Amino acid sequence: MQPDYSKLQFDRQGNLRHFLSIKGIGIELISQLLEDAEKYLTAPGTLAPRSKSLAGRTIGNLFFEPSTRTRASFDLAGRRLGADVLNLDVNTSSRKKGESILDTIHTLQAMQVDIMVVRDASDGVPAYIARNVDDHVSVLNAGESDVSHPTQGLLDLMTIRQHNNDFKNMVVAIVGDIQHSRVAMSTAEALQTMGIGELRLISPAALSPTSDRFPGAYVFDNLAKGLKDADVIMALRIQRERIGNIEGVPNIDEYYANYGISHDSLEYAKPDAIVMHPGPMNRGIEIEGSIADGPRSVITKQVTNGVAIRMAVLDRIGQMMNER
Ligand code: NCD
């Protein structure tokens with residue numbers, strides 16, 4: 001059973017307390033967070049924006065799965081808002097010795113950690129923690145199994161909106177391992193909240209989503225058809241860690257030939273289409289290196305926007321805590 005995110009994420013006054021899913025977050029709050037995040041962008045080489053909204057607060061980054069971008073950006077976002085940030089080293093933490101999640105979070109609460117940023121391979125873990133922390137603690141989902149990665153959804157939305165804000169007339173094509181992608185889930189939910197014109201999901205049949213995962217989206221197994229006149233192309237990483245021995249998953253060469261984003265496949269999309277990837281990339285598998293580094297790519301913009309979005313979310317939580 002899915003938690004009721006429209007209740008679980010907000011406090012009694014209706015303020016955002018936990019950020020666990022795009023589900024239950026309306027268009028108004030999403031738009032405000034995107035506006036707030038834009039204010040945290042400054043020109044390269046100038047000083048990064050800072051504020052004191054989290055001064056005196058402590059953030060615990062609990063990443064029980066690998067991460068580069070998400071963890072580093074939550075870390076920077078927290079520090080730039082004045083918080084102390086504790087990065088728990090998973091490989092040396094006691095969870096490796098079999099300590100329960102609850103014991104881990106109670107330990108962090110006893111050290112006055114105010115905000116827990118959680119990544120975990122099992123679904124339901126962020127919501128479970130949110131239900132079990134003390135009233136003054138907030139929980140943010142930084143990647144939950146293959147189901148949800150809400151700050152990624154927002155940073156993708158922000159990046160798309162910088163290119164084109166006419167969501168109603170937009171075609172977004174997500175290409176790759178749709179079945180195992182929490183990024184696709186949250187980005188799709190964010191786009192659908194904004195009233196996206198057409199959302200297309202392109203993958204080999206063996207990696208296509210089960211029917212109820214993406215209501216309203218169009219599913220393709222042919223890249224040329226799926227990319228036709230697209231405004232936005234988002235390539236996804238093949239999630240080797242989540243794939244068992246799925247029959248029918250093509251080998252790497254076959255995959256690249258049929259689903260890789262190359263100069264040839266870009267021809268199907270609109271001439272000004274942007275190319276996105278959440279990272280980490282497998283160059284030469286889901287995307288040609290020269291496309292990732294080329295003029296149509298907004299992949300590094302996604303990373304920059306990721307810090308800004310996490311600042312916007314953390315700042316809102318900090319304000320809620322300061323008003324209590
Ligand atoms: C993704 C993730 O971990 O969900 N990366 C990210 O957070 N930017 C995508 C992936 O692992 O493929």
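The dialogue below walks through some features of a predicted model.

Visitor: Where should I begin, and in what order do the strands of the open sheet lie?

Guide: A sheet is read by following its strands from one edge to the other. Here, four strands form an open sheet in the order E2-E1-E3-E4, and their pairing is parallel. Strand E2 (84-87) and strand E4 (138-144) are the edge strands, each of them pairing on one side only. On average, and with direction ignored, neighbouring strands of this sheet are turned by 15° against each other.

Visitor: How many bridges join strand E3 to E4?

Guide: Strand E3 (residues 115-120) runs parallel to E4 and is joined to it by five bridges. If you wish to find this pairing in the structure, look for Asp120, which stands opposite Glu144 in E4.

Visitor: Which helices should I look for against these strands, and which strands does helix H3 touch?

Guide: Helix H3 (residues 69-80) packs on the sheet, where it touches strand E1 (58-63), E2, E3 and E4, and its direction makes about 180° with that of E1. Helix H12 (residues 299-323) lies across E1, E3 and E4, and runs at about 160° to E4. A further helix, H5 (residues 125-132), has Val125, Pro126, Ala127, Ile129 and Ala130 as its buried residues, and these pack against helix H1 (5-8), helix H4 (101-110), E3 and E4.

Visitor: Is Pro295 buried or exposed?

Guide: Exposure is judged from relative accessibility, and a residue over 50% is called exposed. Pro295 has 85% relative accessibility and therefore counts as exposed. Its place is in the loop between helix H11 (289-292) and H12. Between the C-alpha atoms of Pro295 and Glu323, which are 28 residues apart along the chain, the separation is 44 Å.

Visitor: Which residues touch the most other members of the largest nonpolar core?

Guide: That core has 60 residues, and those touching the most other members are Ile115, Leu140, Ile174, Leu199 and Leu314. H12 gives the most to this core, contributing ten residues. There is also a second, separate core of 23 residues, and Ala173, Ile238, Ile261 and Ile291 are included in it. To follow one residue, take Leu199: apart from its neighbours within four places in sequence, Leu199 is in contact with Val172, Ile174, Ala188, Leu191, Gln192, Ala217 and Tyr218.

Visitor: Why is strand E5 described as largely enclosed by the rest of the structure?

Guide: In a regular strand, side chains alternate between the two faces of the sheet. Strand E5 (residues 171-175) has five of its five residues buried, so the strand is largely enclosed by the rest of the structure. Both of its faces are covered, with Val171, Ala173 and Val175 buried on one side, and Val172 and Ile174 buried on the other. E5 pairs with strand E6 (residues 198-202) in the parallel sense over five bridges, and the bridge partner of Ile174 in E6 is Leu201.

Visitor: Finally, which residues surround the ligand?

Guide: A ligand site can be read by listing the surrounding residues and then looking at particular atoms. The ligand is surrounded by Thr70, Arg119, His149, Gln152, Arg182, Val183, Arg237, Gln239, Pro278, Gly279 and Pro280. From Arg182, a polar side-chain atom lies 2.7 Å from an oxygen atom of the ligand, and in the side chain of Arg237 an N or O atom is 2.7 Å from a ligand oxygen atom. Pro278 takes part through its backbone, with a polar atom there 2.9 Å from a nitrogen atom of the ligand.

How values were computed
Residues are numbered from 1 along each chain as its sequence is written. This is a predicted model: local features need pLDDT of at least 70, side-chain atom pairs count only at pLDDT 80 or more; totals for chains, interfaces and linings use all residues. Side-chain values use heavy atoms; hydrogens and water are left out. Two strands pair if DSSP finds at least two bridges between them. Helices (H or I, at least four residues) and strands (E, at least two) are DSSP runs, numbered from the N terminus. Axes are lines fitted to C-alpha atoms, for helices over the stretch in contact, and angles run from 0 to 180 degrees between N-to-C directions. Contact means heavy atoms within 4.5 Å. Buried means under 20% relative accessible area, exposed over 50%, partly exposed in between (1.4 Å probe, protein chains only). A nonpolar core is a set of buried Ala, Val, Leu, Ile, Met, Phe, Trp, Tyr and Cys residues joined through side-chain atoms within 4.5 Å. A residue is near a molecule or strand if one of its heavy atoms lies within 4 Å of it. A polar contact is a pair of N or O atoms within 3.5 Å; within protein, one must be able to donate a hydrogen and the other to accept it, and residues adjacent in sequence count only if both atoms are side-chain atoms.
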